[in-house]
Every structure is written in structure tokens, then in C-alpha cells.
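Q: Could you walk me through this one before I go back to the bench? I'd like the overall picture, then a couple of residues.

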Amino acid sequence: MKKMFAIAALLVASSVTSVNAFAADTMVKLPIADALAANNAQQRLGDTVKFYFGSQKTPKIASVIATDKTSQRTNGFNKSTDTACQWVFLSAMLALQKRANELGADAVVNIVSNFKDQEFSSVTEYECADGAIMAGVALKADFVKLAK
């Protein structure tokens with residue numbers, strides 16, 4: 001009985017190790033415009049909070065309220081990289097929007113990809129961790145009040 005238990009434990013341990021090997025993330029850079037055009041993103045985000053990526057020019061800023069980050073994951077199993085990454089990008093943007101509303105900010109500026117605290121700044125692209133099972137997008141940004 002002890003021998004069967006030991007063999008079963010070994011099998012479980014080896015299967016967990018092999019799942020982790022297949023779950024390794026591949027970092028991909030994808031167009032922000034495509035992600036904002038998918039999944040009704042523009043409608044879902046609305047226009048009450050403005051978003052500015054990387055060094056994108058912004059209107060005059062009256063005050064910086066806070067800097068914060070979000071890290072979102074979604075099921076990537078049996079989905080294309082674009083589909084999974086666009087979906088999780090929208091989740092991350094909705095999280096930024098929610099945080100902006102909580103803080104009373106009317107814009108989110110300097111949005112950069114921030115996966116595992118490695119920043120990637122671009123006006124046109126975001127970074128997505130694409131794995132066999134999960135896809136992830138991490139964003140960091142400043143929450144501000146724009147001058148009237």
C-alpha cells in the first residue's frame with residue numbers, strides 16, 4: 001500500500017512539473033488599437049475617463065492623484081494569442097477605469113506594460129504574457145485630474 005501511495009505521489013509531482021513547463025509565458029507585443037477595437041472595448045470603456053499610453057501627448061494636467069498598477073489574467077486555453085490578449089487587455093483597462101473612478105480621476109496617463117515589474121512603454125503597443133493555459137496583461141499608470 002505504501003509503495004502504491006509513493007508511486008501515485010511521484011506521478012502527481014511529475015504531472016505538475018510538466019504542466020508548469022507548458023505554462024511558460026511568451027511575451028508578445030500587440031497593437032493597442034486592435035485591442036481597443038475588439039470585444040466592444042470602446043463602448044465598455046466609455047468616455048468619462050480618458051486614457052493616454054506611454055509618452056502620448058496629454059492635455060494639461062491639473063494634478064496627479066496617484067500611481068497604481070493592475071495585473072489581470074484570463075483563460076488562454078484553446079484561444080489564439082490575439083483573442084486571449086485582447087480580452088485580458090480589456091480587463092486591465094476596465095480595472096484602470098474602475099480605479100480612476102474610485103480616486104476621482106478623469107484621466108489615466110503614462111500607461112505602460114509592467115509584467116513582473118519590467119516596464120515596456122509604447123504609444124502603439126502593449127505587452128501580453130501568452131501561455132498555454134493563461135494570458136496576462138499588467139499595466140502601470142498615473143491617475144490625474146485634467147485642467148479645465
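**Overall picture and two residues**

A: Buried residues make up 38% of the 148 residues in the protein chain, and please keep in mind that this is a predicted model.

Q: OK, and how many helices and strands does the protein chain have?

A: The protein chain has four helices and seven strands, and, read along the sequence, these follow the pattern α-β-α-α-β-β-α-β-β-β-β.

Q: What share of the contacts with a separation of 6 or more comes from residues 24 or more positions apart?

A: Such pairs, 24 or more positions apart, account for 83% of those contacts in the protein chain.

Q: Switching to Leu96, is it buried or exposed?

A: Leu96 counts as buried because its relative accessibility is 2%, under the 20% cut-off, and its place is in helix H4, which covers residues 81–103.

Q: And what does Leu96 touch, leaving out residues up to four places away in sequence?

A: Leu96 touches Phe51, Thr70, Val108, Ile111, Leu139 and Phe143 with those neighbours left out; of these, Phe143 is 47 residues from Leu96 in sequence, with 8.7 Å between the two C-alpha atoms.

Q: Thr70 is on that list, so where does Thr70 sit?

A: Thr70 lies in strand S3, residues 61–75, and is buried, with a relative accessible area of 12%.

Q: Which side chain does the Thr70 side chain join in a polar contact?

A: That of Gln72, at 2.8 Å from the side chain of Thr70. Beyond four places in sequence, Thr70 is in contact with Ala92, Ala95, Leu96, Val137, Ala138 and Leu139.

How values were computed: Residues numbered from 1 in each chain as written. Predicted model: local features only at pLDDT ≥ 70, side-chain atom pairs only at ≥ 80, totals over all residues. Heavy atoms only, no water. Helix = DSSP H or I, 4+ residues; strand = E, 2+ residues; numbered from the N terminus. Buried < 20%, exposed > 50% of the residue type's maximum accessible area, 1.4 Å probe, protein only. Contact = heavy atoms within 4.5 Å. Polar contact = N/O pair within 3.5 Å; in protein donor to acceptor, adjacent residues only side chain to side chain.
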